[in-house]
Amino acid sequence: MELCEILKYDRSLYPGKAVFYYKTPDCDFVPLQASVARIRGQKVGITEGYNADSTPKNLAPQDLAYANPVIVEECYVPPNISELYCRFSLRVKANSLAPSGCSNVDVFNTLSALATKFKELGGYQELAKRYCKNILLGTWLWRNQYAGATSVTVVTSNGNSYVVDDIREITWGSRWPNEASEALNALTDEFLFALTNPCVFWHADITAKLDVAFCQEVFPSQVLITERQDGLPTKQFAKVKCIDGTEAVSFNSVKIGAAIQSIDDWWHSESDKRLRVHEYGADGQIGIAHRQPESESDFYSYFMRADHYLTRLEQINRKSTVAEMSESLTYLFAVLIKGGMFQQKQARRVKKKQEA
């Protein structure tokens, strides 16, 4: 497929901020707040004792025993609270069915036709199920997943409620109990309908209830601080201001979206890790990209084969199963669901390497 100057897709998933709170006999919503701690930071980094060439510095014995005062924010469950809640909302729109901006009519028509055919053959089903798995598994709780019994409840705009009683009992690849499996399938159907029908306005309200230990530490999103300011914490948490002026610690929406879109295990035939959907398969844990352009497994390599995929899908019988869909095409649409600007300048570099 020929590249064009302007091509963009609006994202299809719109998560809100996830707010931490707890309940008391007098109130159903008490925001969980952070506190400021002043601590003695120890000198433990390698640069404290070694030069850049790894030779030891000329130090007195007491030089490495000094401590630096540090101001940080910390967050713990209040005493006598045994249940903690985390809640967010998610809207789903069918924005991957066509570009939101395109400077080439032929490209627009090819991509729109490809999405229509992908939808007809059930390709979106696998994607919707994977997103719903991450929602029901509480993947979006990140480090807070590793607590006591945790239940996840999803209430949709259709008036339905889906519950997984204890996320510790299931994993991504395990056999789910009947009730959890039924919840997954029913939620997937609703999610799929919203993902593939432009006239549908659908949203879900997702709440996790965690059984917590006495004064257990909680891990919200951290704010990126580019400049240190005297008297302010060097580590700060993301917060949401409530109507009474109090602030509740939270996850930012990007962190929630990253968890929901951690579905890419197609990057290698023997992969055991699900990556957040990314054009080059970025793996933040080890700092590399698994979908290198040289391997032609990156998004742009697949994207420029859109006309080839369309021809192939037109030759498939409508009764074909999702298993007959290529993983590369499913990954391609996962990126389109994520949305983004797919500019000509970046795409030309990929095309040039492919033609070389």
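## Pockets, strands and rings

Helix 5 gives the largest share of the lining of the largest pocket, namely 4 residues. This is a predicted model, and local features need pLDDT of at least 70, side-chain atom pairs count only at pLDDT 80 or more, while totals for chains, interfaces and linings use all residues. Residues are numbered from 1 along each chain as its sequence is written, and side-chain values use heavy atoms, with hydrogens and water left out.

Let's stay with that pocket for a moment. Its space comes to about 1000 Å³. There are 34 lining residues, and the closest to the pocket centre are T139, W142, A258, S262 and R276. Two or more lining residues each come from strand 2 (13-15), helix 5 (253-260), strand 15 (275-276), strand 16 (282-283) and helix 8 (327-338). By character, the lining splits into 14 nonpolar, 11 polar and 9 charged residues. Here Ala, Val, Leu, Ile, Met, Phe, Trp, Tyr, Cys and Pro count as nonpolar, Asp, Glu, Lys and Arg as charged, and the others, Gly among them, as polar.

The second largest pocket has a volume of about 270 Å³. Of its 13 lining residues, R143, P220, S221, Q222 and K255 are the closest to the centre. This lining divides into 6 nonpolar, 3 polar and 4 charged residues. As for terms, a pocket is an open set of points on a 1 Å grid over the protein atoms alone, where a 1.4 Å probe fits, with protein on both sides within 12 Å along at least five of seven lines; lining residues have an atom within 4 Å of a point. Grid points are joined across faces, edges and corners, and a volume is the space filled by probe spheres set on the points.

Now the chain as a whole. It holds 9 helices and 18 strands; these are DSSP runs numbered from the N terminus, with helices being H or I of at least four residues and strands E of at least two. The C-alpha atoms fill a box of roughly 75 × 60 × 40 Å along the principal axes. Of the 356 residues, 45% are buried (under 20% relative accessible area with a 1.4 Å probe, protein chains only).

On to the strands. One open sheet has 3 strands in the order 8-1-18, with antiparallel pairing. Strand 8 (101-102) and strand 18 (340-341) are at the edges with a single partner strand each, so one side of each has no neighbour in the sheet. Two strands pair if DSSP finds at least two bridges between them. In general, strands of a sheet pair through backbone hydrogen bonds, either parallel or antiparallel.

The table gives some pairings, each with one bridge.

| Strands | Bridges | Direction | One bridge |
|---|---|---|---|
| strand 1 (7-9) and strand 18 | 2 bridges | antiparallel | K8 with M341 |
| strand 2 and strand 7 (83-92) | 3 bridges | antiparallel | P15 with L90 |
| strand 3 (18-24) and strand 7 | 3 bridges | antiparallel | V19 with R87 |
| strand 7 and strand 11 (202-211) | 10 bridges | antiparallel | L84 with L210 |

Which strand does strand 7 join through 10 bridges? That's strand 11.

Finally, the rings. The whole structure has 17 aromatic pairs. One is Y9 with F342, tilted, at 6.3 Å centre to centre and 55° between the planes. This pair links distant parts of the chain: Y9 is in strand 1 and F342 in the loop between strand 18 and helix 9 (344-355), 333 residues apart. Y9 is buried at 4% relative accessibility, and F342 is buried at 4%. Y280 and Y300 have ring centres 5.8 Å apart and planes at 40°, so their pair is tilted too. Y280 is in the loop between strand 15 and strand 16 and Y300 in helix 6 (299-303), so this pair ties together parts 20 residues apart in sequence. Y300 counts as buried, at 4% relative accessibility. Ring pairs join Y9, Y280, F299, Y300, F303 and F342 into a cluster. For the record, rings of Phe, Tyr and Trp (its six-membered ring) pair if their centres lie within 6.5 Å; planes under 30 degrees apart are stacked, over 60 edge-to-face, and the rest tilted.

Charges sit over rings as well. K133 lies over the face of W172, 4.8 Å from the ring centre, and the charged end of R291 sits over the ring of Y331, 3.6 Å from its centre. The rule asks for NZ of Lys or CZ of Arg within 6 Å of the ring centre and within 35 degrees of the ring normal.

Terms used:
Buried means under 20% relative accessible area, exposed over 50%, partly exposed in between (1.4 Å probe, protein chains only).
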